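Please study the structure shown below, then work through the exercises in order. Each task is followed by a solution in steps.

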Amino acid sequence: MPIYCFTSIKGGVTKTTSTVNVAHGLAQTGRRVLVLDADHQCNSTLALLGGIQEEKAGTFYEVMMERRPVREVICRTRFDHLDIVQGSMWLSNANTQLASQFGREMILSKGLEGVRGYHYILIDTPPNTELITINCWIASHQLVIPLTPSWFAMFGIRILEIQLAEIQRQTGRAFPIFGVVIALDDHTS
């Protein structure tokens, strides 16, 4: 099953909106989709469940910080064929906690082992290149880069390219870009 990671180091470029809408569209065609909300802002969770929980239990936090398998924290949404691993605001300082751990870049890849029955897994990442995001890149098959047509977002792409090249150099793994989604374009007068 293909795993697509929606990523950008820039906030406000529609990572969450793109992830949720693509997931919803795929689910409407009968494909089973799992969304991983890796962003501590939990907006994919809010969009798909209508709220967020303040506890760590049953969230992406447990996958990353307690090595709980993803299959154990999957939550059904109200939409047919669409499930989610809820985000957790407790991940906001995860980078500090993960920095000294052995194998820290592979936590999500190992956590996804045993997940079955989905046509697609879509990952919504935080707007940074810290360890949670790197885990998402490594666990995915291809990257999708949401982009707004602005100079700041374009500059963010260059920074992302530099970061991806560095991670590729360190891991020996390529990070293919599936495509760029351009959103929030306003051609009205």
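The exercises treat the order of elements, the sheet and the overall form.

This is a predicted model, in which local features need pLDDT of at least 70 and side-chain atom pairs count only at pLDDT 80 or more, while totals for chains, interfaces and linings use all residues. Residues are numbered from 1 along each chain as its sequence is written, and side-chain values use heavy atoms, with hydrogens and water left out.

**Exercise 1.** State how many helices and strands the protein has, and give their order.

*Solution.* Helices (H or I, at least four residues) and strands (E, at least two) are DSSP runs, numbered from the N terminus. The count gives seven helices and seven strands. From the N terminus on, the order is β-α-β-α-α-β-β-α-α-β-α-β-α-β.

**Exercise 2.** Describe the sheet and identify its edge strands.

*Solution.* Two strands pair if DSSP finds at least two bridges between them. The seven strands form an open sheet in the order 3-4-2-5-1-6-7, and the pairing is mixed. Strand 3 (74–76) and strand 7 (177–182) each have a single partner strand, so one side of each lacks a neighbour in the sheet.

**Exercise 3.** Explain how strand 2 is joined to strand 5.

*Solution.* Strand 2 (residues 33–37) and strand 5 (residues 120–124) run parallel and are joined by five bridges. Asp 37 has Asp 124 in strand 5 as its bridge partner.

**Exercise 4.** Determine what share of the residues is buried.

*Solution.* Buried means under 20% relative accessible area (1.4 Å probe, protein chains only). Of the 189 residues, 45% count as buried.

How values were computed:
Buried means under 20% relative accessible area, exposed over 50%, partly exposed in between (1.4 Å probe, protein chains only).
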